[in-house]
Amino acid sequence: MQIKFGCQTYTWQMSIEPDADKLDKIIGVVRGSGFAGIEPEVCMLGRYRHDAAQLAASLQAAGIELGSLCLVCDWLLEKETSAERAEADRAIGLLASHFPNAVLTLCQMPQKDRQDLGMRQRNCLACCNEIGRRARDLGVVTAFHPNSPAGSVFRIAQDYAMMMDGLDGRFVGYAPDAGHIAKGGMDPLAIFTKYAPAIRHVHFKDMDTHGGWTEMGQGSIDFPGLVGALIAHDYRGWVMVEDESPRARMDPDGVTRSNGRYLQVLRNSGPLG
């Protein structure tokens, strides 16, 4: 079984300044909670943003891996802006130079509405496909992560069908997020199963039946079933826990430790055992 579990740094990003240089502390909490890896957003790299070698050394000293790096941009035009392209190329270069086994996860920044939906969807996918092409040329695997805020252009079933038709599988895979799938009115297990061949990276977060984010195992999402589906389709990659519950805003360290304990229960009683 080749699935590994890590944490996404958005859990901390909600409660600290996005550019705060606290990744060392976060790495320690993640490792102490029993996770094997971490997925920082580019804005959370702090002093490591331009020092991939030191990031590699710090992760090695802590005994965890960089499972993924998450790049968030607007991608509103047919082609990347010069700033977007430069940011993407820095991220690709960081991974190619020191973390060739990590995934570059692409996530579009939600806007305030869904006007001009078709055009915005096409533009986003065109930019991501081009980033994926450049990444592939340097040996970096790329996956697109849709989200579910009201202004997201990939949030319901019809959007997902368009997304999967538009992603160029030669360059960009799919990074499903169980919580965002559920928030968009879809069944996470059905989506994981339907698009299993395209999955290159995975996010887990839990949601209650009223659409509110919860801590892992306290909501309605069938994580044992999702892990079973991943195993059945021979998924060999990372699952990143991204807790956005109300408690996470106040106590991201404590929530991460709790989620680590939930994962241990999952290991002992479910498909990971």
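In this predicted model, the largest pocket is lined by 22 residues, and Y10, C107, P110, N147 and H180 are the ones nearest its centre. Its volume comes to about 340 Å³. Several elements help to build the wall: α1, β4 (68-73), β5 (103-108) and α7 (178-183) each contribute at least two lining residues. Strand β5 gives the largest share, with three residues. Sorted by class, the lining of this pocket holds eight nonpolar, nine polar and five charged residues.

A helpful way to picture how such spaces are found is to imagine rolling a probe the size of a water molecule over the atoms, which shows where empty space is left. The second largest pocket contains about 240 Å³ of space. Its lining consists of 16 residues, with K4, E65, N101, A102 and W238 lying nearest the centre. Here the classes are seven nonpolar, five polar and four charged residues.

Attention now turns to helix α2, which spans residues 23-32 and has L23, I26, I27, V29 and V30 as its buried residues. These residues sit on the same side of α2, because they cover an arc of only 165° around the axis. The pattern is easier to follow with a general rule in mind: an α-helix has 3.6 residues a turn, so residues three or four places apart point the same way. The buried residues of α2 pack against two strands, β1 (4-8) and β2 (37-39), and against the helices α1 (10-13), α3 (52-62) and α11 (252-269). Just after α2 comes G34, which takes a positive phi of about 95°.

Notes: Residues numbered from 1 in each chain as written. Predicted model: local features only at pLDDT ≥ 70, side-chain atom pairs only at ≥ 80, totals over all residues. Heavy atoms only, no water. Buried < 20%, exposed > 50% of the residue type's maximum accessible area, 1.4 Å probe, protein only. Helix = DSSP H or I, 4+ residues; strand = E, 2+ residues; numbered from the N terminus. Arc of directions from axis to C-beta. Contact = heavy atoms within 4.5 Å. 1 Å grid on protein atoms, 1.4 Å probe; cavity = no way out; pocket = protein on both sides within 12 Å on 5 of 7 lines; lining within 4 Å. Points joined across faces, edges and corners; volume = space filled by probe spheres on them. Nonpolar A, V, L, I, M, F, W, Y, C, P; charged D, E, K, R; others polar.
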